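Open the model in your viewer and keep the sequence panel visible. The stops below say what to select next and what is there.

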Amino acid sequence: MARKAVATNAKTQSNTPQFTKEQELAAYQEMLLIRRFEEKAGQMYGMGLIGGFCHLYIGQEAVVTGVTMASKKGEDAQITGYRDHGHMLVMGLEPRGVMAELTGRAGGLSGGKGGSMHMFSLEHKFYGGNGIVGAQVSLGTGLAFANKYRGDDTVSITYFGDGAANQGQVYESFNMAKLWNLPVVYVIENNKYAMGTSVERSSATTDFSQRGQSFDIPGEQVDGMDVRLVHDAAERAIAHARAGKGPYILEMLTYRYRGHSMSDPAKYRTKDEVTKYRQERDPIEQVKARIIEEKHATEEELKEIETKIRAIVTEAADFATNDPEPDASELWTDITIGA
Amino acid sequence: MPNILMPALSPTMEEGKLSKWLVKEGDSVSPGDVLAEIETDKATMEVESVDSGIVNKLLVSEGTDNVKVNTPIAIVLVEGEKAEDLKVAETVPEPAEAPAANADNAHNGDDAEPARDCGSAKVCARQRSRSSRRRRDGRDDGSAGLE
Ligand SMILES: Cc1ncc(C[n+]2csc(CCOP(=O)(O)OP(=O)(O)O)c2C)c(N)n1
Ligand SMILES: [Mg+2]
């Protein structure tokens, strides 16, 4: 735990932190729920049930799962971009409410008026769901400002992509976050691409964990495909922020298996690259292999978990298919708040 | 979810070419396995399996042009399912553009059967009409470059 907060290359991390049986099983279930949910969403998009945008989180499950396990669920705030379904599921928002929002139905979390990128829950301290690349960084920093102002001992966890990391407002936010030592953890989900542009093509420096250097914000590069490493680093970062020491950057090295959005054939990367991640680094398969090896559960018991999760996803999909669209009168609601 | 349907790979896609099968009848598949390649006017994309199961039947042959979105293209049987239960999929008629009256029903949410199964021609048509309605309204257009 006392590891120094410097950029440690994922490959050189020895002494891999271990999970207890409970943690392994919890991580497995959370990640599997995201995976199955997203696969179903992809299928429903293909059936024409989901209009507008839809960005899947498949491949990146370990990031939000490990970080959330290290946070105070329901107290620490979280905010992210448009690739947000996994974040909501792990934070405990209803799968059927998320799915029905994707299909634009009245029972969706935003009454069917927000869609994939626009869901929020004050109760769960989830602040979206943001379509403007990088905007969540300023908003997340503002959430940390509010936390500090209120003195409520909570942390703001702010996720953004490698592409977003090159946006100007990120650095304005870094400056203020360090200037006022705000309790914010910046989680950069580096999945190697911003739409079709690789990190190498777009970034002058590619070690995003060091992007806070000139503001004196510590950072670490983490293997974002291993939920144990994610969790371990997140514990460190969150403790730092909660102790009043200011912001902390975690660069999660991760990968998305699907295209950027549903209509992206992903021709800017090789099939081999995708296959390699899927076969050798898959976050869910890693946990599953350990569970079996450590005899935390039998294949049979894991199958039961899978069945249970499939049932949740099927129920969500049925609801999202059959729930009515919002009434036309809803066009005029939720626009402004009365003074 | 036994039936694999011709997916819409973009909001404006109405039909596409089934350019290649990457599985054959009798193969077992897992979630994420690529089943087929689909060609649209814009791009070639992959269709992935959502289920674990056995490919029971390929309903559309490789190289078929103008396969309408939501047409069943294959049957994958998940554990415990039998081909007989799914006969209906093979008898779905050539999809036709749904009449306007149907389109209005599409969003009432009054269907008791979950449309996702698309197990009957009626349900399939309803889904198609939903997407064509959306296209007519132009709701999804112009989205591409901005996401
Ligand atoms: C300000 C702004 N510029 C451009 C876009 C279009 N856009 C949407 S997603 C995206 C790529 C962002 O990539 P990254 O931050 O790496 O996140 P990822 O999609 O990989 O999760 C772009 C350029 C946008 N939504 N907002
Ligand atoms: Mg990216």
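Select β3(A) first. In this predicted model, 7 of the 7 residues of β3(A) are buried, so the strand is largely enclosed by the rest of the structure. Now show the side chains. Val184(A), Tyr186(A), Ile188(A) and Asn190(A) point one way from the strand, while Val185(A), Val187(A) and Glu189(A) point the other way. Residues of both groups are buried.

Add β2(A) to the selection. β2(A) and β3(A) run parallel and are joined by 6 bridges. One place to look is Tyr159(A), whose bridge partner in β3(A) is Val187(A). To get from β2(A) to β3(A), the chain passes through α6(A), and this β-α-β crossover is right-handed.

Next, add β7(A), residues 248-253. β7(A) pairs with β3(A) in the parallel sense, over 6 bridges. Click Val187(A) again: in β7(A), its bridge partner is Leu250(A).

**The magnesium ion**

Select ligand 2. Which residues coordinate this magnesium ion? They are Asp162(A) through OD, Asn191(A) through OD1 and Tyr193(A) through O, at 2.1 to 2.2 Å. Along the chain, these donors follow the spacing D-x28-N-x1-Y. The site links distant parts of the chain: Asp162(A) is in the loop between β2 (156-161) and α6 (168-179) of chain A, and Tyr193(A) is in strand β4 (residues 193-194) of chain A, 31 residues apart. Are Asp162(A) and Tyr193(A) buried or exposed? Both are buried.

**Two residues with positive phi**

Move to Lys192(A), in the loop between β3 and β4 of chain A. Lys192(A) is not a glycine, yet it has a positive phi of about 80°. With a relative accessibility of 31%, Lys192(A) counts as partly exposed.

Then select Asp153(A), in the loop between α5 and β2 of chain A. Asp153(A) has a positive phi of about 65°, and it is not a glycine either. Its relative accessible area is 44%, so Asp153(A) is partly exposed.

**Aromatic rings**

Show the rings of Phe, Tyr and Trp. Over all chains, the count comes to 9 aromatic pairs. Start with Phe145(A) and Trp180(A): their ring centres are 5.7 Å apart and their planes are at 70°, so the pair is edge-to-face. Planes over 60 degrees apart count as edge-to-face. Phe145(A) lies in helix α5 (residues 135-150) of chain A and Trp180(A) in the loop between α6 and β3 (184-190) of chain A, so the pair ties together parts that are 35 residues apart in sequence. Phe145(A) has a relative accessible area of 39% and is partly exposed. Trp180(A), at 39% relative accessibility, also counts as partly exposed.

Now go to Tyr171(A) and Phe174(A). The centres of their rings are 5.3 Å apart and the planes are at 75°, so this pair is edge-to-face. Both residues lie in helix α6 of chain A, 3 residues apart, which is about one turn of the helix. Which of the two is buried, and which partly exposed? Phe174(A) is buried, with a relative accessible area of 1%, whereas Tyr171(A) counts as partly exposed at 23%.

Extend the selection to the cluster that ring pairs form: Phe160(A), Tyr171(A), Phe174(A), Tyr186(A) and Phe215(A). You have met Tyr186(A) already, as one of the buried residues of β3(A).

For a charge over a ring, select Arg96(A) and Phe319(A). The charged end of Arg96(A) sits over the ring of Phe319(A), 4.0 Å from its centre.

**Chain A as a whole**

Zoom out and colour chain A by secondary structure. Chain A has 11 helices and 7 strands. Its radius of gyration is 19 Å, close to the 20 Å that the globule rule gives for 339 residues, so chain A is as compact as a globular protein of that length. Along its principal axes, the C-alpha trace of chain A spans about 60 × 55 × 40 Å. Of the 339 residues in chain A, 57% are buried.

**The sheet of chain B**

Finally, select chain B. Here 4 strands form an open sheet in the order β1-β8-β6-β3, with antiparallel pairing. What are the edge strands? They are β1 (3-5) and β3 (28-29) of chain B, and each pairs on one side only. At one edge, 2 bridges join β3(B) to the antiparallel strand β6 (residues 53-58) of chain B. Click Val29(B) to end the tour: it stands opposite Gly53(B) in β6(B).

Key. Residues are numbered from 1 along each chain as its sequence is written. Chains are lettered from A and ligands numbered from 1 in the order in which they are written. Side-chain values use heavy atoms; hydrogens and water are left out. Donors are N, O and S atoms within 2.8 Å of the metal (3.2 Å for Na, K and Ca); water is not among the atoms, so sites may look incomplete. Buried means under 20% relative accessible area, exposed over 50%, partly exposed in between (1.4 Å probe, protein chains only). Two strands pair if DSSP finds at least two bridges between them. Rings of Phe, Tyr and Trp (its six-membered ring) pair if their centres lie within 6.5 Å; planes under 30 degrees apart count as stacked, over 60 as edge-to-face and the rest as tilted. A charge sits over a ring if NZ of Lys or CZ of Arg is within 6 Å of the ring centre and within 35 degrees of the ring normal. A crossover is right-handed if, with the strands pointing away from the viewer, the path from the first strand over the helix to the second runs clockwise. The radius of gyration is taken over C-alpha atoms; the globule rule is 2.2 Å times the number of residues to the power 0.38.
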